[in-house]
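User: Please take a close look at the charged side-chain pairs in this model, and then follow the chain outward from them to the strands around. I would like one connected account rather than a list.

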Amino acid sequence: MSSDPPSEHHSPPEPRSVAARRLHELLRDEREEHPKPEEDEPEEERDGESCSRAPSPPPPPPPPHCHSDSGLETLGDIALSTGGRSSGPGLCDSLFSWLWRRTVRRGPLVDPARDNYRTMTRLYSSMSPAADSVNLSTQTHGAVFNLEYSPDGSVLTVACEQTEVLLFDPVSSRHIKTLVEAHEDCVNNIRFLDNRLFATCSDDTTIALWDLRKLNSKVCSLHGHASWVKNIEYDTHTRLLVTSGFDGNVITWDTNRFTEDGCPHKKFFHTRYLMRMRLTPDCSKMLISTSSGYLLILHDLDLTQSLEVGSYRILRARRAPLSTGSSSSSRTAGSRHGNDSKSHPHREGLSPRNSLEVLTPEIPGERDRGNCITSLQLHPKGWATLLRCSSNMDDQEWTCVYEFQEGAPPRPPVSPRCSLRLTHYIEEANVGRGYIKELCFSPDGRLICSPYGYGVRLLAFDERCAELVDCMPVRTALLHEVRSIYSHSDVVLTSKFSPTHCQLASGCLSGRVALYQPHF
């Protein structure tokens, strides 16, 4: 400690623990980037300043365990013991109390969302494999094909190659249950309907419904596909389960009327070479990727109507390459069209329900169209679609982001034309040929996790991990690599962000599941 007398500008001592030192540096950087407002700032914007209010009681002295090595948990306890306020400048600041103060702090220069996300970005940048990651034996369950968290983040489910479904507590990594022989063949996908009900699909052509409160047996089995069932979606508005398989069929299942024998279903759509099917978050569109390189979009979606083969000629919009025009102009135009159509709901030119658009996505470095689209995901806010594409020769792979251009208002009644634009891309490691690599968005949509060889990469739209709408490039740009993490001994096939915790999971071909958490 310095022998100089303490002064007003004397910096606080450096924390002694690794966690506290990391947090101290983070808080110091934030204070340097966002200095306090000038003294002539209006008092109503400085409601936290003690100079314009009655003097508050002095803060309690720092707890004796402030300098311990217990990490973030100790700092969190300090925040609770001080009522969410800092008991000292920097040293005993809790990350969570600091986030809370930034949310309610005064001043026009403070953007709580920006500061909070910047902090979360730094946390994600420090992601490392957890010491208690789930190690699973390959002797029983085989490769990991899919990972899915429950909506409240309390359960992590694992879809396995050898007919099993595994359930874990993602916080403690504790094994909860193994659904032995959940299916008669590979389990491909898991989808939660709510916090307790979830569905699984398999190469045995069936879909199974499960209840977390009674895992000894299935709620029911659903039969209707003629080939491998590859993915499941759920329309929260109509409570319809939507499945797709390699038989080319998209089938809807009415879960409002399910029994032990199944539930009513009907074939909604059919196309050749179907790979993946997704619904946008507002369920206004359905996207279908194909192994022949086409991307199909059903606009103004109505799942209660079945699309007959004879109606395709009427619904087909046109085959067109993806537009490379300006994003801002297209968004503005989409908004104008949306408002105009509301004023004239019966005018000529309105799109029918389930109008079909057929696109051939632009692939970086490939002028030949018709590349295979193996993986398909949607932005959590419905702003973009995320594709994993491979070349015709299967010697290159890319992760590509395509922005929806019809405007911000959901479900625009006017049928869009060329409604996607390639905005960002990055080339991937072309390993594990023949296997589909499932990528994902973070819950806030600012980060992408992409399987990359024997590990995963965290990707962002720019170096600040900004929102997509805040960093839209005029021309196609490269995705920014935030961090690469290599923790597997085999090719990673799937990844998933927790919806509630700062946590990430990945699964590989040899059957290991790795959990990643911030490392201080």
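Analyst: In this predicted model, the side chains of glutamate 233 and arginine 191 meet in a salt bridge, with a nitrogen-to-oxygen distance of 3.8 Å. The pair ties together distant parts of the chain, since glutamate 233 belongs to strand β10 (residues 229-235) and arginine 191 to strand β6 (residues 187-192), and their positions lie 42 residues apart in sequence. The two partners do not share the same degree of exposure: glutamate 233 counts as buried because its relative accessibility is 5%, whereas arginine 191, at 26%, counts as partly exposed.

Strand β10 also supplies a partner to a second pair, in which aspartate 203 forms a salt bridge with lysine 230 and the closest N and O atoms are 3.3 Å apart. Here again distant parts of the chain are linked, with aspartate 203 in the loop between β7 (197-202) and β8 (206-211), lysine 230 in strand β10, and a separation of 27 residues. In this pair aspartate 203 is buried at 10% relative accessibility, and lysine 230 is likewise buried, with a relative accessible area of 11%. Beyond such individual contacts, salt bridges that share partners join Arg191, Glu233, Arg276, Arg278 and Glu438 into one network, so the contact between glutamate 233 and arginine 191 described above has both of its residues in that network.

The structure holds 18 salt bridges in total, and one of them is formed by lysine 496 and glutamate 148, whose side chains meet at 3.7 Å, N to O. This pair spans 348 residues of sequence, with lysine 496 in strand β28 (residues 492-497) and glutamate 148 in strand β2 (residues 144-149). Lysine 496 is partly exposed, with a relative accessible area of 23%, while glutamate 148 is buried at 13%. As a general matter, side chains of opposite charge can pair when their charged atoms come close.

A contact between positions far apart in sequence is also found at a residue without a charged side chain. Glycine 511 and glycine 142 are 369 residues apart in sequence, yet their C-alpha atoms are 5.4 Å apart in space. Glycine 511 lies in the loop between β29 (504-508) and β30 (513-518), and because its relative accessibility is 0%, it counts as buried. The two flanking strands run antiparallel and are joined by four bridges, with glycine 507 standing opposite valine 513 in β30. Their hairpin has four residues between the strands, and within it glycine 511 takes a positive phi near 100 degrees. Strand β30 has a further antiparallel partner in strand β1 (residues 127-129), to which three bridges join it, and there methionine 127 stands opposite proline 518.

Another hairpin, that of β20 and β21, has six residues between its strands, and aspartate 394 takes a positive phi near 60 degrees in it. Strand β20 (residues 384-390) pairs with β21 in the antiparallel sense over seven bridges, and threonine 385 stands opposite tyrosine 402 of β21. Strand β21 also pairs in the antiparallel sense with strand β22 (residues 420-428), over eight bridges, and in that pairing the bridge partner of tryptophan 398 is glutamate 427. Strand β21 (residues 397-404) is largely enclosed by the rest of the structure, because eight of its eight residues are buried. Glu397, Thr399, Val401 and Glu403 point one way from β21, and Trp398, Cys400, Tyr402 and Phe404 point the other way, with every one of these residues buried.

The cysteines complete the account of side-chain links. A search of the whole structure finds zero disulfides. For cysteine 465, the closest cysteine sulfur belongs to cysteine 471 and is 9.4 Å away, which is too far for a bond, given that a disulfide is a pair of cysteine sulfur atoms within 2.5 Å. Cysteine 465 counts as buried at 1% relative accessibility, and cysteine 201 is also buried, with a relative accessible area of 0%.

Methods: Residues numbered from 1 in each chain as written. Predicted model: local features only at pLDDT ≥ 70, side-chain atom pairs only at ≥ 80, totals over all residues. Heavy atoms only, no water. Buried < 20%, exposed > 50% of the residue type's maximum accessible area, 1.4 Å probe, protein only. Pairing = 2+ DSSP bridges. Salt bridge = Lys/Arg side-chain N within 4 Å of Asp/Glu carboxyl O.
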